[in-house]
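Visitor: Please take one part of this model and look at it closely. I would like the geometry, the burial and the contacts in one connected account.

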Amino acid sequence: MIVLGVILLVIGFVTGISILWTIGIILVVIGAILWILGALGHSVGGRKHYW
């Protein structure tokens, strides 16, 4: 999710499309929050493991 957000940020910056810039920022923030929660050991989405 973070990688997709960064890609959208770059595309939005290069092309000047502000909606891609906004969506990219939102995806990066949500991805970072989920990554931090997962690193702290909290279950994300009701799962403790990925399998």
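Guide: What follows is a close look at helix α2 and its surroundings.

The model is predicted. Its protein chain holds two helices and zero strands. Buried residues account for 14% of the 51 residues. The accessible surface of the chain is about 4200 Å², and carbon and sulfur atoms contribute 76% of that. Take contacts between residues at least 6 apart in sequence: 27% of them join residues at least 24 apart.

Now the helix itself. α2 covers residues 18-39, which is 22 residues. At 1.5 Å a residue, the helix should span 32 Å. Its end C-alpha atoms are 32 Å apart, so expectation and model agree.

Next, burial along α2. G24, L27 and G31 are buried. These three cover an arc of only 70° around the axis, so they sit on the same side of α2. The spacing fits a general rule. An α-helix has 3.6 residues a turn, so residues three or four places apart point the same way. On the other side of α2, S18 and I36 are exposed.

What does the buried side face? The buried residues of α2 pack against α1, residues 2-15.

L9 shows this packing from the α1 side. L9 lies in helix α1. Its relative accessible area is 17%; the cut-off for buried is under 20%, so L9 counts as buried. Setting aside neighbours within four places in sequence, L9 is in contact with L20, W21, G24, I25 and V28. G24, one of these partners, is also among the buried residues of α2. A backbone distance adds to the picture. L9 and T22 are 13 residues apart along the chain, and their C-alpha atoms are separated by 7.8 Å.

W21 leads to the aromatic side chains. A search of the whole structure finds one aromatic pair. It joins F13 and W21, with 6.0 Å centre to centre and 40° between the planes. The pair is classed as tilted, because its angle falls neither under 30 degrees, the stacked range, nor over 60, the edge-to-face range. How covered are the two partners? F13 has a relative accessible area of 61%, so it is exposed, the cut-off being over 50%. W21 has 38% and is therefore partly exposed.

Last, the stretch after the helix. α2 is followed by G41, whose phi is positive, near 95°.

Note on methods
Residues numbered from 1 in each chain as written. Predicted model: local features only at pLDDT ≥ 70, side-chain atom pairs only at ≥ 80, totals over all residues. Heavy atoms only, no water. Phe/Tyr/Trp six-rings, centres within 6.5 Å; stacked < 30°, edge-to-face > 60°. Buried < 20%, exposed > 50% of the residue type's maximum accessible area, 1.4 Å probe, protein only. Helix = DSSP H or I, 4+ residues; strand = E, 2+ residues; numbered from the N terminus. Contact = heavy atoms within 4.5 Å. Areas by Shrake-Rupley, 256 points an atom, 1.4 Å probe, with all protein chains shown as cover. Expected span 1.5 Å × (residues − 1). Arc of directions from axis to C-beta.
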